[in-house]
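Thank you all for coming. Please have the sequence and the model open in front of you while I talk.

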Amino acid sequence: MAIATVNPATGETLKTFEPHNAGEIEERLVRAERAFREHRLTGFAERSRLMHRAADLLEEDQDAAARMMTTEMGKPLAAARAEAAKCVKAMRWYAEHAEAQLADEHPAPSDVADSGAARAFVRYRPLGPVLAVMPWNFPLWQVVRFAAPALMAGNTGLLKHASNVPQTALYLEELFRRAGFPEGVFQTLLVGSDAIAGLLRDERIVAATLTGSEPAGRSVASIAGDEIKKTVLELGGSDPYLVLPSADLDKAVRTAVTARVQNAGQSCIAAKRFIVHTDVYDTFTARFVERMSALKVGDPTADDTDVGPLSSAQGRSDLEELVDDATRRGATAQCGGGRPLHLPDGWYYEPTVLTGVTEDMRIHREEAFGPVASVYRVDSLDEAVELANGTSFGLSSNAWTRDSAEQERLTRDLEAGGVFFNGMTASHPGLPFGGVKRSGYGRELAGHGIREFCNATTVWFGPEE
Ligand SMILES: O=CCCC(=O)O
């Protein structure tokens, strides 16, 4: 895939970029390693000062950065502005909390004595240059949620961003440089995915993080595993959204729409499978279809647009195939189900609600990366849990119930990295984020995220001290 900015609203190629050649990649690896030697020795106060500066700069750039994202991957401008603001918040959050999160840990005195030590503690030390392979769907946020903790911990970062967001990738490198981070602390590699294997095998790269598809995760994890290098993987999701009889139905319907069509449905944590108890199924489905049909699909730069184009022609045809497969096998599109006729240019797809989805349909098993919801009817909580867990994914989950016994049961039984009650899944700097099963492993954000790329070093002093 060429490294290029192609406007998803028009299909027009706006700018193309030459990939870095072998020499340019080598220069960046040298710089990353050299920068790590210095950066690991800087204190938290200095790193925090620089991270705050990066946050301030991004805040000043919010509008321009948002326009860049909208042009490169098609999200509505308001959503792009919100993404930039979320990055600012996360940078400030790590600037303020990293030191406490990486403070020395002191084991129980009885365990220290039992180990024969006069004293012992755990220190979190940085690992080195980390490769970040990142996707286009949240082109700033996916990177910042890696970079803010990684840089605050004393690591250096090398970004291989998706090939359709090169301007955002270069902007991020420039942002950290303008903030004052020394040369080499954060760099963008303009390379295709064919360069990833070589980077992972390079001894200067010590670890990797990837947000992307399951095949991409498998490939990165297998090479990194072969090299005995730590990885964090955040892969796809097909999050369930349970609606049970005690739900506040108005809120459950309104939130369901946002949860499904955020980012034109191109979010790993978007709710995708709506599992609705039979007592409220008819009302929920009718109101959900009504609201999904009323969404305004169109120009992502217009203020009143709810749903922009999908990011690529390929993304749209993948989605079309899933929906066509389902309807061919007997599912019903209660609304949508195709391209909006009034938008012949650009990669638009209508908000779609499918009912009658069955196990033999691809959409039942695969991630629908676009504004397409599958609604299922269930007769009991047991059936809802079984259906919710009947997927290879386990990123997050949502449940609408005001019954505390049901909440307890779902907290115990839903196979996912998150269980969100009476609201929709959203990431937050202070809450760990990640999945189980084929949605990946490891955690981003919060203290869990910053410690992923640290060496938890046991420091032990014998009695002779
Ligand atoms: O695509 C997954 C990440 C979405 C988010 O963090 O809001």
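I will begin with one strand and its partners, and then turn to the nonpolar cores.

Please keep in mind throughout that this is a predicted model. Let us look at strand 8, residues 230-234, and ask whether this strand is enclosed or open. Four of its five residues are buried, so strand 8 is largely enclosed by the rest of the structure. Strand 7, which covers residues 207-211, runs parallel to strand 8 and is joined to it by five bridges, and within this pairing threonine 209 has valine 232 as its bridge partner. To get from strand 7 to strand 8, the chain passes through helix 9, residues 214-226, and this β-α-β crossover is right-handed. Strand 8 is also joined by two bridges to strand 16, residues 440-441, but here the strands run antiparallel, and leucine 233 is partnered with tyrosine 441.

Now to the cores. In soluble globular proteins, nonpolar side chains tend to be buried together. The largest nonpolar core in this model has 60 residues, and the members that touch the most others are Met51, Leu58, Met91, Leu140, Phe146, Phe176 and Phe186. Several elements each supply at least two residues of this core, including helix 2, helix 3, strand 3 and helix 7, while the largest share, 11 residues, comes from helix 4.

If you would like one residue to follow on your screen, take leucine 140, which, leaving aside its neighbours within four places in sequence, is in contact with residues including Leu58, Met69, Cys87 and Tyr171. Apart from this core lies another, of 57 residues, with Val243, Val257, Tyr376 and Leu414 among them.

Definitions and conventions. Residues are numbered from 1 along each chain as its sequence is written. This is a predicted model: local features need pLDDT of at least 70, side-chain atom pairs count only at pLDDT 80 or more; totals for chains, interfaces and linings use all residues. Side-chain values use heavy atoms; hydrogens and water are left out. Buried means under 20% relative accessible area, exposed over 50%, partly exposed in between (1.4 Å probe, protein chains only). Two strands pair if DSSP finds at least two bridges between them. A crossover is right-handed if, with the strands pointing away from the viewer, the path from the first strand over the helix to the second runs clockwise. A nonpolar core is a set of buried Ala, Val, Leu, Ile, Met, Phe, Trp, Tyr and Cys residues joined through side-chain atoms within 4.5 Å. Contact means heavy atoms within 4.5 Å.
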